[in-house]
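Hi,

Here is the structure I promised to pass on to you. My notes on what I found follow below it.

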Amino acid sequence: MKKIRLCFLILAVMLLAACGKVESGESDKKALGENQIYIYYVNFDKTGIVPEVYTIDREEPLTDTVSKIINNLFDVEATERIQSPIPDGLTYLGSVLGEKSGRLEVSFNIVYDAINADTLLFFKASIVKTLLQLEDVNSISLSLTDVASTNEDTATVTENFDQDSFTMSFGNESGYKQKGAIVLYFASQSGEALKEYRKAVEISNTTSLDRLVLESLIEGPGTEEYTATIPKSTTIRNILVKDGICYVDLSDEFYNADNPLKNDIIIYSIVNSLVELPTVSKVQFLRNGEKQEFFRETLPFDGIFERNLDLIEQEEAEE
């Protein structure tokens, strides 16, 4: 199973935004002629993206046009107005028009340690806003594969974008916001399995995605087709992500509640939900800052937990 990033990751929130809103330089747009689009670069101050007119050949294959555009974004010479939005640590792999009508799938390799969140934000904004102008393209599926990852199931993070995906603003106190979705795992109605559940959220540059996931699990699914796995009285004492491990310290209500669900359903509801985040590959539980030998006296609990796919039903719902 591939992680699907609201991304941005997301990576503390490496998430972008911007289609349909005014950004730096938008008011200076020049009129487009036939066979022209706007190509978006990062401005010199790295506070926004700015458009420049770019001529394309509408007779050539779409994937060739995409390659030329991305090569231009890579190679553009920096000026007092623009610079390349593509940072070191990214390598273009290719594109294909997907099976879903109008969805362009674009793939890159990435070295996350070499890129900060703001840089990745502008990269995504530039790619999406530029490529959405191409004929027959109405959505972008952007895949980033972490070349440092040893786990094929979690190395690739894929985000889907369209004209209505973003509400972004640069250079002000509110920062930027993105509408997206997080993937949660609640128990099935019977309580015998986990079911995938997608919750619509609005994420800003101050959002802690790991905390948002836990808060959403505590809040519950809000539908009878799913069963909450964590008592609503539970509070988050602490949550921290370091070196891919998410350390979770929940209040005593989590441990003391008379929860009828099986131990593995409760624990992997949390683990599987957190591991959907691109910054998290494993989970370590703590109680008052200390490891506990067992959860509810039977489940070994002092080790590090990884994703468990065997408990998941292949169904989902959208909030």
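Let me start with the inside. The largest nonpolar core has 44 residues, and those touching the most other members are Val248, Phe254, Ile267, Ile270, Leu274, Val283 and Phe285. By nonpolar core I mean a set of buried Ala, Val, Leu, Ile, Met, Phe, Trp, Tyr and Cys residues joined through side-chain atoms within 4.5 Å. Buried stands for under 20% relative accessible area, exposed for over 50%, and partly exposed for anything in between (1.4 Å probe, protein chains only). At least two residues of this core come from each of strand 10 (177–188), strand 11 (194–204), helix 4, strand 13, strand 14, helix 5 (252–256), helix 6 and strand 15. Helix 6 gives the largest share, eight residues. There is also a second, separate core of 33 residues, with Ile56, Leu73, Tyr92 and Leu131 among its members.

Before going further, a word on provenance. This is a predicted model, in which local features need pLDDT of at least 70 and side-chain atom pairs count only at pLDDT 80 or more, while totals for chains, interfaces and linings use all residues. Residues are numbered from 1 along each chain as its sequence is written, and side-chain values use heavy atoms, with hydrogens and water left out.

For the overall picture, the protein chain has six helices and 19 strands; these are DSSP runs numbered from the N terminus (helices H or I, at least four residues; strands E, at least two). Of its 319 residues, 52% count as buried. Among contacts (heavy atoms within 4.5 Å) with a separation of 6 or more, 63% are between residues 24 or more positions apart.

Back to the surroundings of the first core. Strands 13, 14, 15 and 18 form an open sheet in the order 13-14-15-18, with mixed pairing; two strands pair if DSSP finds at least two bridges between them. Strand 13 (236–242) and strand 18 (304–305) are the edge strands, each pairing on one side only. Strand 13 and strand 14 (residues 245–250) run antiparallel and are joined by six bridges, with Asn238 opposite Asp249. Two helices lie across this sheet. Helix 4 (residues 209–219) crosses strands 13 and 14, at about 140 degrees to strand 13. Helix 6 (residues 263–275) lies across strands 13, 14, 15 (282–286) and 18, at about 135 degrees to strand 15. The angles run from 0 to 180 degrees between N-to-C directions, using lines fitted to C-alpha atoms, for helices over the stretch in contact.

Which residues does Val248 touch, beyond its neighbours within four places in sequence? They are Leu214, Asn238, Ile239, Leu274, Val283, Gln284, Phe285 and Leu286. Val248 sits in strand 14 and is buried, with a relative accessible area of 0%. Leu274, with the same kind of neighbours set aside, touches Asp210, Val213, Ile239, Cys246, Val248, Val280 and Val283.

Elsewhere in the chain, strand 7 (residues 139–146) holds Asp146, whose side chain reaches the backbone nitrogen of Ala148 at 3.0 Å. Further along the sequence than four places, Asp146 is in contact with Ile110, Tyr112 and Ala155. Strand 7 runs antiparallel to strand 8, joined by seven bridges, and Leu142 stands opposite Glu159. Strand 8 (residues 156–162) is largely enclosed by the rest of the structure, because five of its seven residues are buried.

Best wishes

Definitions and conventions. A polar contact is a pair of N or O atoms within 3.5 Å; within protein, one must be able to donate a hydrogen and the other to accept it, and residues adjacent in sequence count only if both atoms are side-chain atoms.
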